[in-house]
Amino acid sequence: MKSRIYTQGLIWLRIFNLHMVIPWQKPLLFILLLTPFLLLLSDALLGNLIDPIEEITNPTGQWALRFLLLSLLITPLNKILPFSLIKYRRMISVFSFFYACLHLSIYLIDQNFELQLVLVDVMKRPYITVGFSAFILLFLLTITSTNKMVRCLGGRWKKLHRLIYLIIILVIVHFYWQVKSSTDIEPMIYGLIALLLLGFRINWKR
Amino acid sequence: MMKKITEYFVTSEAHYLNRRNFIKQSARLGVGLATFRAFSSSAEWMQGGGLSDKMISTDYGKELALNSFKEITNYNNFYEFGTSKRNPAKNAHTLKPKPWHVKVSGECLKQGDYDLEDFIAPYQLEERIYRFRCVEAWSMVIPWVGVPLASALKIFQPTSKAKYVVFKTLLDKTQMPWQNRPTLDWPYIEGLTIAEAMNPLSLLVVGLYGKTLPNQNGAPLRLVVPWKYGFKNIKSIVSIHFQETAPLNTWQGQASSEYGFYANVNPAVDHPRWSQARERIIGGGSFFSPEKRKTKLFNGYGNEVAHLYTGLDLVKNF
């Protein structure tokens, strides 16, 4: 039996909604999601980076992954929490794409924008093939995430955006194949979180 | 952001190249070494004891532009202290490089447990500027202080059965906290053929930039073999072992398709996951156009070491 306090709390939260509790939440979230970028930018401007290529490539890639996972967390959270977080999901995923863009740009800078080198890398090196595919797919989802596109695509939108499950797997594989040590624990932790989030969805359908 | 002309780089390098004059002048003024140190903005700089008065300079790498002390001591691969390049500088303070013992064992006549001070004392310290090429396709130029490995090893009188020299890093989870993680098969192991070890380029290093080694750079004793990828340069050595058979070095054990025993720098043999044709020069170029250089076979030390590998298929024996 759920306690009365819980039920009452629930009712109050629904009445007030999160809007009333925290004002300016979307701009607030925007700044929050932008913070890793701002910190990197200040490090770069202050000359704190020793190897800007690596020290920007890695964190931007990781933030893209973290925000992707965060966007996947919204649906499960909605089942648990008494209020909906769905209206934040798009901003989180678009920020994931933003960090993926930075991640890719630094890689292109590292290749001195020699497209031939990039093409060879994409064809020849599996971790880049996988990462690049994930980027293309995420780009596809980002451009189809406007209100207009959602309306245009109708039922197909949901099907298309299920690609996010494929993307997260590609990103984890990209991360795992890129680290030097195959027993490095970090990609495995992210992988585990991704599996939990995906597994959660399979269970809900039943 | 222009890395090469940051104030730190210019200051430290200029002072460094002029250090002897500067020290002499400071001493004359009665200011002493403390002032010299105060010019550096890095705290780590002050950690190490001075070796300048104990070492002689050599011609090795005189023409090369040095990386700054900050770059060399804050951008490290030392997985015993974390897998990110910044981790070692932050975490390596738990290492206690003094007192330090090195165990010498295997196919040699003078086996034993040597105190590092006694181990190094008989030799003239040399400063040698070497290029450093990481298997991850970046490079630096570092002024090491050390003794030729050959002279140190000869003292132990290796027998005719000593075909390989195997080095081990300290295994101590309190001093090296990331050894609690399964990132690598601890302790770190590296090896050389006896001919490689006896090559005049091979250096047992105790310092850099005229100071004792900072912890994150492998204090108090490390190997430097500049014609090989960085991971061969094993850090914080506690054991030297002579043996007849080839050892399985740590990275080879980790992924034998990616890291071999020889690990000679070779632009023609790609790492399976990335190209080794070029290298990014740390501190070189600008943000939007990082400086790259074509990687040279044996990292440019072919004259000194190519003869070690005549008849050896460098593609198979990568």
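In this predicted model, B:Pro99 occupies the loop between helix 6 and strand 2 (101-106) of chain B. The peptide bond leading into this proline, from B:Lys98 to B:Pro99, is cis, with omega near -5°. A second cis bond is found from B:Ala219 to B:Pro220, again with omega near -5°. B:Pro220 likewise belongs to a loop, the one between strand 9 (211-212) and strand 10 (222-224) of chain B. The background to both cases is that most peptide bonds are trans, and that most residues other than glycine have a negative phi.

The second half of that background bears on two further residues of chain B. Phi of B:Tyr209 is near 50°, a positive value in a residue other than glycine. B:Tyr209 is placed in the loop between strand 8 (203-208) and strand 9 of chain B. Its relative accessibility is 2%, and B:Tyr209 therefore counts as buried, the limit being under 20%. B:Ala263 is not a glycine either, yet it has a positive phi of about 50°. This alanine is found in the loop between helix 10 (250-254) and strand 12 (278-285) of chain B. B:Ala263 is also buried, because its relative accessible area is 3%.

From the loops the path leads to a pair of strands. Strand 6 (residues 164-169) and strand 7 of chain B run antiparallel and are joined by 5 bridges. Within this pairing, B:Tyr164 stands opposite B:Thr193, a residue of strand 7 of chain B. Strand 7 (residues 189-193) is mostly covered, with 4 of its 5 residues buried. As a general point, side chains in a regular strand alternate between the two faces of the sheet.

Aromatic contacts come next. Over all chains, a search of the whole structure finds 27 aromatic pairs. One of them is formed by B:Tyr75 and B:Trp138, an edge-to-face pair with 5.0 Å centre to centre and 70° between the planes. B:Tyr75 lies in the loop between helix 5 (69-74) and helix 6 (87-91) of chain B, whereas B:Trp138 lies in strand 5 (residues 138-148) of chain B, so the pair ties together parts that are 63 residues apart in sequence. Both B:Tyr75 and B:Trp138 are buried. In chain A, ring pairs link seven residues into a cluster: A:Phe30, A:Phe37, A:Trp63, A:Phe67, A:Phe95, A:Phe98 and A:Tyr99.

Chain A also offers a feature of the surface. A:Leu38, A:Leu41 and A:Leu45 make a nonpolar surface patch of about 290 Å². A:Leu38 is found in helix 2 (residues 25-45) of chain A. With 42% relative accessibility, A:Leu38 counts as partly exposed, because this value falls between the limits of 20% and 50%. The same value also meets the requirement for a patch residue, because patches are made of residues with over 30% relative accessible area.

The cysteines complete the account. A disulfide is a covalent bond between the sulfur atoms of two cysteines. Over all chains, the structure holds 0 disulfides. Two cysteines may be described by their accessibility. A:Cys101, at 26% relative accessibility, counts as partly exposed, whereas B:Cys134, at 4% relative accessibility, counts as buried.

Technical notes:
Residues are numbered from 1 along each chain as its sequence is written. Chains are lettered from A and ligands numbered from 1 in the order in which they are written. This is a predicted model: local features need pLDDT of at least 70, side-chain atom pairs count only at pLDDT 80 or more; totals for chains, interfaces and linings use all residues. Side-chain values use heavy atoms; hydrogens and water are left out. Buried means under 20% relative accessible area, exposed over 50%, partly exposed in between (1.4 Å probe, protein chains only). Helices (H or I, at least four residues) and strands (E, at least two) are DSSP runs, numbered from the N terminus. Two strands pair if DSSP finds at least two bridges between them. A disulfide is a pair of cysteine sulfur atoms within 2.5 Å. Patches are made of residues with over 30% relative accessible area and no salt bridge: like charges are joined within 9 Å, nonpolar side chains (Val, Leu, Ile, Met, Phe, Trp, Tyr) within 5 Å. Accessible areas come from the Shrake-Rupley method with a 1.4 Å probe; for residues, only the protein chains shown count as cover. A salt bridge is a side-chain nitrogen of Lys or Arg within 4 Å of a carboxyl oxygen of Asp or Glu. Rings of Phe, Tyr and Trp (its six-membered ring) pair if their centres lie within 6.5 Å; planes under 30 degrees apart count as stacked, over 60 as edge-to-face and the rest as tilted.
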